[in-house]
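Trainee: I have a structure open here and would like to talk it through with you. Could we take it step by step?

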Amino acid sequence: MLIDTHCHMNILVRNFDNKEPFKEFNTQEIELMEKIIFDAEKQLVTQIINVGTDYTESYACIEIAKIFSNCFAAIGLHPNDITDTWQNDILNFRQLLLKTQENKIVGIGECGIDKHYPNYDLKQQQEVFHAQIQLALEHNLAIIVHSRDADEETYNVISQYYGEKNFRGTIHCFSSNEKYAQKYIDLGFVLGFGGTITYPKNEILRSVAKMIPLEKIILETDAPFLSPQIVRGSKNNPTNIKIIAEYIAKLRQEDFKNVMQTTTKTTKNLFGIL
Ligand SMILES: [Zn+2]
């Protein structure tokens, strides 16, 4: 079996861009999710972690986890979604974490640093990142780190917690070089690989995925974004985890079964899922 460790199934069935408050999914949306999960299972993808980017989407991820036994939720505030009321969001996350088990929360994220778009507020991003790492430590949860054009800044935050009890996580959609791969691994982190590893220009990423121990790799789609090259242009979905696993197996000249079993084991250990 395979696990999609980073999916946005809520966005696969509904447009969350309008920032309307979310209450529940309608029948049509639930049927669509049922189909997505059914198709994924046919491709050996038996578990899915849906990841929030703000309070509303995090709450939606929890709702999905409550409906489907093989889905789990991560809650967090993405660096690009920070508003001046972010402290409120953290308080709301605290409420959701009072029922970590019942809400099937297995991680905190996406959280991190993003310097890709102009006019980012680095100081605020760092502050919000620290606040979310605290939540993870307090509730013994993994962090799901989003880092874009911010290797040094992300590493500087994370490395401050090295050695702390419960501190662990994944660098989601890893997109840096061998040097940072090693630095993150030395902190005990694992690296998330998805569709981007199949893109022609990403030779560096492929060399990283070849070099690091298989035990340090987990698989993710980031669906509906970042479809693998052979299905690029179409909406990504959890089914494509198999394409990524096969690609990595071929790249590393390993048995597909070994890639499947090892990434699944690493994922289960990291997120504490059975
Ligand atoms: Zn994502």
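Trainee: To start, how many helices and strands does the chain have?

Mentor: Bearing in mind that this is a predicted model, the chain has ten helices and eight strands.

Trainee: And how are the strands ordered in the sheet?

Mentor: They form an open sheet in the order β1-β2-β3-β4-β5-β6-β7-β8, with parallel pairing. Since β1 (2–7) and β8 are at the edges with a single partner strand each, one side of each is left without a neighbour in the sheet. From one strand to the next, the twist averages 30 degrees.

Trainee: Which strands does helix α3 touch?

Mentor: Helix α3, residues 55–67, packs on the sheet and touches β2 (45–51), β3 (71–75) and β4 (105–114), and its direction makes about 165 degrees with that of β3.

Trainee: Switching to α8, which of its residues are buried?

Mentor: In α8, which covers residues 203–211, the buried ones are Leu205, Val208 and Ala209. Looking down the helix axis, these buried residues fall within an arc of 95 degrees, so they line one face of α8.

Trainee: What's exposed on the other side of α8?

Mentor: Glu203, Lys210 and Met211 are exposed there, while the cover over the buried residues includes α7 (178–186), β7 (190–193), β8 (217–219) and α9 (241–252).

Trainee: Last one, why does the radius of gyration agree with a compact globule?

Mentor: For 274 residues, a compact globule would have a radius of gyration near 19 Å, and the chain has 17 Å, which agrees. Of those 274 residues, 47% count as buried.

Technical notes: Residues numbered from 1 in each chain as written. Predicted model: local features only at pLDDT ≥ 70, side-chain atom pairs only at ≥ 80, totals over all residues. Helix = DSSP H or I, 4+ residues; strand = E, 2+ residues; numbered from the N terminus. Rg over C-alpha atoms; globule rule 2.2 N^0.38 Å. Buried ≥ 20, exposed ≤ 12 C-beta atoms within 10 Å, placed from the backbone. Arc of directions from axis to C-beta. Contact = placed C-beta atoms within 7 Å. Pairing = 2+ DSSP bridges. Axes fitted to C-alpha atoms, helices over the stretch in contact; angles between N-to-C directions.
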